[in-house]
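Take a look at the fold shown below. Turn it around slowly before reading on.

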Amino acid sequence: MIDKNVVKEIVDEWLQGNEYFLVDIMFTPDDRIVVEIDHADGVWIEDCAELSRLIQDRLGEQLDDYELEVGSAGIGQPFKVAQQYVNHIGKDVEVLGADGKKVQGVLKSVDAPLFVVTVKEKQKVEGKKRPVQVEVDKTYDMNNIKYTKYLLSFK
């Protein structure tokens, strides 16, 4: 049985001196070890292969009963760590609040665990007959939402 902390130590060693960061390490019921890493400029396949080889070299025969998968966190997937939020400042995101309400807007700032999203809302403005769309900053706590994810745009 491989200990998750042992895998994390190997990954942390590889991350030193790299601009990558660890997103998650998962052990699945079908004996797969999935290591997710990310980088502000995207993840290179060569770097995933290098990390995979390091893990294989260090774990040796212990890894025989497992399938090892090293890859990126995946675009469009919910954020798992604060650094993912930081990397997406200024970009369109979708937040699903704990109350089940979805909002879409631009990720304005991050001061973990809090983050601010600028959304457009219709509000009644004095002197206007109809509601007007205005930009409103909404603050969320990473620990009190269901998810935040990057919104892909094909404009």
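The paragraphs below go through the cores, the strands and the pocket of this predicted model.

Start with the inside. The largest nonpolar core holds 21 residues. Four of them touch the most other members: V11, V35, L51 and I55. Which elements build this core? Two or more residues come from each of α1 (4-15), β1 (21-27), β2, α2 (45-59) and β3 (67-72). Now pick out I55. Leaving aside residues up to four places away in sequence, I55 touches I10, V11, V35, L68 and V70. V11 and V35 are thus named twice here: they are contacts of I55, and they are on the list of core residues that touch the most other members.

There is also a second core, separate from the one just described. This second core has 12 residues, including F79, V103, F115 and I145.

Next, follow the strands. Strand β5 covers residues 102-111, and strand β6 covers residues 114-123. How do β5 and β6 pair? They run antiparallel, with 5 bridges. Just 2 residues lie between β5 and β6, and the two strands form a hairpin. To find your place in it, look for V106, which stands opposite T118 in β6.

β6 has another partner. It pairs with strand β7, residues 132-141, again in the antiparallel sense. This pairing has 10 bridges. Here K122 stands opposite Q133 in β7. One rule helps when you look at strands. In a regular strand, side chains alternate between the two faces of the sheet.

Now turn to the largest pocket. Its space is about 310 Å³. A total of 22 residues line this pocket. Which of them are closest to its centre? They are D38, H39, G74, I75 and H88. Two elements, β2 (32-38) and α3 (82-87), each give at least two residues to the lining. The lining is mixed in class: 8 residues are nonpolar, 9 are polar and 5 are charged.

Finish with H88, one of the lining residues closest to the pocket centre. H88 sits in the loop between α3 and β4 (92-97). Is H88 buried or exposed? Its relative accessible area is 15%, so H88 counts as buried, the cut-off being under 20%. Apart from residues up to four places away in sequence, H88 touches F79, L107 and Y150. F79 is a name you have met: it belongs to the second core. The contact between H88 and F79 therefore links a residue of the pocket lining to a member of that core, where members are buried residues by definition.

Definitions and conventions:
Residues are numbered from 1 along each chain as its sequence is written. This is a predicted model: local features need pLDDT of at least 70, side-chain atom pairs count only at pLDDT 80 or more; totals for chains, interfaces and linings use all residues. Side-chain values use heavy atoms; hydrogens and water are left out. On a 1 Å grid over the protein atoms alone, a cavity is a set of points where a 1.4 Å probe fits but cannot get out, and a pocket is an open set with protein on both sides within 12 Å along at least five of seven lines; lining residues have an atom within 4 Å of a point. Grid points are joined across faces, edges and corners, and a volume is the space filled by probe spheres set on the points. Helices (H or I, at least four residues) and strands (E, at least two) are DSSP runs, numbered from the N terminus. Ala, Val, Leu, Ile, Met, Phe, Trp, Tyr, Cys and Pro count as nonpolar, Asp, Glu, Lys and Arg as charged, and the others, Gly among them, as polar. Two strands pair if DSSP finds at least two bridges between them. A nonpolar core is a set of buried Ala, Val, Leu, Ile, Met, Phe, Trp, Tyr and Cys residues joined through side-chain atoms within 4.5 Å. Buried means under 20% relative accessible area, exposed over 50%, partly exposed in between (1.4 Å probe, protein chains only). Contact means heavy atoms within 4.5 Å.
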